[in-house]
Each structure stands twice: as structure tokens, then as C-alpha cells.
Amino acid sequence: MMMQEETLNEAGGAIVFDAALSAQVTHDWFAPTYWRERDALRVQAGGRGGVAVIDTPAGECVLRHYRRGGLVATLMGDRYLWRGAMRTRPFAEFHLLTEIERLGLPGPTPVAARYCRQGAFYTADLITRRIADAHTLAERLAAGQLDGALAEAVGMLVARFHREGIWHADLNAHNVMVSGDALFLIDFDRGRKRVPQAAWQQANLQRLRRSLLKLGAAAGDESAFDRELWQPLLRGYRRTMSA
């Protein structure tokens with residue numbers, strides 16, 4: 001189904017949405033209470049403050065409210081500095097996900113994005129289609145289900161995005177989803193399309209490696225990790241990059 005992008009501008013904010021998935025998206029869609037009152041809300045752990053899974057006219061979706069992390073969160077909370085509508089976090093991510101879908105890459109399907117402006121700041125939300133029956137790579141690792149074959153598939157996945165110049169700002173094991181034999185990358189906040197270059201591509205891979213090690217993939221034996229998981233991952237990556 002082709003994307004039919006529409007924008008609803010109102011005083012103090014705007015919504016961009018795919019009219020092919022739903023003819024109309026209102027501000028109510030971004031309020032968990034709206035879905036709770038309709039018995040259409042589930043909250044799952046994950047991310048800052050959790051992730052809300054909602055049953056919408058566009059299907060089962062994930063509602064994410066943008067929240068800051070680290071020390072800046074104590075000062076700014078969920079507010080971001082206003083620099084124009086197209087540079088807001090949700091609009092930028094919505095349009096990047098649209099491009100990812102156009103390229104045929106496995107990412108979340110964008111449904112709608114919203115910003116609410118308050119003077120020099122704004123708050124933000126994003127709705128994407130939920131990936132059914134999926135677990136994060138971190139969860140698969142914790143369950144002892146990360147082996148050489150899956151690691152190789154992860155390398156192939158990352159390479160597909162890198163070949164198209166898609167840079168993930170936080171490539172870690174929590175942002176790789178496994179659904180049966182299919183793999184996806186999620187959470188493209190601050191991501192962007194770049195000219196393919198080895199420097200940022202290798203830095204992306206190293207970010208993923210640090211994430212796996214932090215989550216205990218080496219189990220105290222980094223040489224075994226390199227041999228059994230990391231080398232298969234790189235093998236899949238290099239084969240796909242050179243295809």
C-alpha cells in the first residue's frame with residue numbers, strides 16, 4: 001500500500017499521518033487514556049517509561065512518547081528545543097521510516113507523528129505498526145538463543161541498512177527485533193540517511209558489539225564471543241555489503 005501522507009496543522013502543534021492506513025488521526029490517538037477508556041491499551045516494558053501497545057483503526061500499533069535520558073532529563077524532562085516543524089524528532093523519524101519502507105528495508109511502518117509546541121520547546125509522540133510476535137535480540141540473548149546463525153542474520157540485516165546509507169543513532173541489541181525468521185531494526189530517533197562510508201558504518205557495528213558485551217554475550221570469554229558470535233555476524237555483514 002502506497003503511503004498517503006497528510007498533515008493536520010493546529011494552533012500549537014501538528015500531526016503527520018498515513019491516510020492510507022487511517023483516513024483521520026486526531027490528538028486523541030496520542031493519549032493513552034483515550035485507548036484505555038476503549039479497552040484498547042496495553043503497556044509493555046521497554047524504553048524510557050515503557051511502550052504503549054494500542055489497538056487502532058490502523059491495526060495494532062506502538063505509541064511512543066519521546067523522553068530524554070541522562071542528566072539532561074532532570075532539566076528538560078520530555079521537552080525539546082524548537083527548531084522548526086521538519087526538524088522535530090517525531091517528524092524527522094516519521095519521514096526516515098517512510099524512506100526505509102520505500103527502500104524495502106525491514107523497519108517499523110510509520111502511522112502518525114505529532115508535536116505540541118509550547119513557546120521555545122515542544123513535546124513529541126510517534127505511532128508505528130507493531131511487529132507481531134517479536135522479541136528483541138537482547139531477549140533472545142538472555143534466553144540463550146543467540147547462536148552463530150542468528151548472529152550472521154543480524155550482520156546481514158545491518159548491512160542492508162548500511163548499503164542504503166541508513167544510519168541508526170543507537171544500534172544496540174534492544175533495537176534489533178526477531179520475529180520468526182524475520183529480523184527488523186526499530187527506534188530510528190535521531191537516525192538519518194547518509195552517504196555510505198566505512199567510518200560511520202564501522203562505528204555503528206562497534207556500538208552493537210559493545211551492547212552485546214554489556215549484556216553478557218561474552219560470558220567472561222571474549223575470545224569465544226568473537227569466534228562463535230562476532231565473526232559470524234561480520235561474515236554475514238561483509239557478504240551482504242559486497243553482494
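**Close-up views of a predicted model**

**View 1. A lining built from nonpolar residues.** By class, the residues that line the largest cavity are seven nonpolar, no polar and no charged. The model shown here and in every other view is predicted. The lining consists of Leu137, Leu146, Ala151, Val154, Leu212, Leu229 and Leu233. Helix 5 and helix 7 each contribute at least two of these residues. The space inside the largest cavity is about 30 Å³. The count of cavities of 30 Å³ or more comes to one.

**View 2. A salt bridge between helix 5 and helix 7.** The side chains of glutamate 152 and arginine 235 form a salt bridge, with N to O at 3.8 Å. Glutamate 152 sits in helix 5 (residues 148–163) and arginine 235 in helix 7 (residues 222–241), so the contact ties together parts that are 83 residues apart in sequence. Glutamate 152 is buried, because its relative accessible area of 18% falls under the 20% limit. Arginine 235 is partly exposed at 44%. Helix 5 and helix 7 also each supply at least two residues to the lining of the largest cavity.

**View 3. Glutamate 60 and arginine 130 in a network.** The structure holds 14 salt bridges. One of them joins the side chains of glutamate 60 and arginine 130, at 3.0 Å from N to O. Glutamate 60 belongs to strand 5 (residues 59–65), while arginine 130 lies in the loop between strand 8 (121–129) and strand 9 (135–136), so the pair ties together parts that are 70 residues apart in sequence. Both residues are partly exposed: glutamate 60 has a relative accessible area of 27%, and arginine 130 has 26%. The salt bridges continue to a third residue, as Arg42, Glu60 and Arg130 are linked in a network.

**View 4. A buried salt-bridge pair on strand 7 and strand 8.** Aspartate 125 and arginine 114 meet through their side chains in a salt bridge of 3.0 Å, N to O. Aspartate 125 is in strand 8 and arginine 114 is in strand 7 (residues 110–118), eleven residues apart, and the pair links distant parts of the chain. Are the two partners buried or exposed? Aspartate 125 is buried, because its relative accessibility is 3% and the limit is 20%. Arginine 114 is buried as well, at 13%.

**View 5. Helix 3 from end to end.** Helix 3 covers residues 89–102, which makes 14 residues. At 1.5 Å a residue the helix should span 20 Å, and its end C-alpha atoms are 20 Å apart, so expectation and model agree. The buried residues of helix 3 are Pro90, Phe91, Glu93, Phe94, Leu96, Leu97, Thr98, Glu99 and Ile100. An α-helix has 3.6 residues a turn, so residues three or four places apart point the same way. Just after helix 3, glycine 104 adopts a positive phi of about 75°.

**View 6. The second largest pocket.** This pocket encloses about 330 Å³ of space. Its lining has 19 residues, and Arg83, Arg87, Thr88, Arg89 and Ala92 lie nearest the centre. Which element gives the most to the lining? Helix 3 does, with six residues. Strand 6 (80–81) and helix 3 each supply at least two. By class, the lining splits into eight nonpolar, three polar and eight charged residues.

**View 7. Strand 11, covered on both faces.** Strand 11 spans residues 176–179. Val176 and Val178 are on one side, Met177 and Ser179 on the other, and all are buried. Strand 9 runs antiparallel to strand 11, and two bridges join them. Within this pairing, threonine 136 stands opposite methionine 177.

**View 8. The hairpin of strand 11 and strand 12.** Strand 11 pairs with strand 12 (residues 182–185) in the antiparallel sense, over four bridges. One bridge sets valine 178 against leucine 183 in strand 12. Two residues lie between the strands of this hairpin. Glycine 180, in the turn, has a positive phi of about 65°.

How values were computed:
Residues numbered from 1 in each chain as written. Predicted model: local features only at pLDDT ≥ 70, side-chain atom pairs only at ≥ 80, totals over all residues. Heavy atoms only, no water. Salt bridge = Lys/Arg side-chain N within 4 Å of Asp/Glu carboxyl O. Buried < 20%, exposed > 50% of the residue type's maximum accessible area, 1.4 Å probe, protein only. Expected span 1.5 Å × (residues − 1). Pairing = 2+ DSSP bridges. 1 Å grid on protein atoms, 1.4 Å probe; cavity = no way out; pocket = protein on both sides within 12 Å on 5 of 7 lines; lining within 4 Å. Points joined across faces, edges and corners; volume = space filled by probe spheres on them. Nonpolar A, V, L, I, M, F, W, Y, C, P; charged D, E, K, R; others polar.
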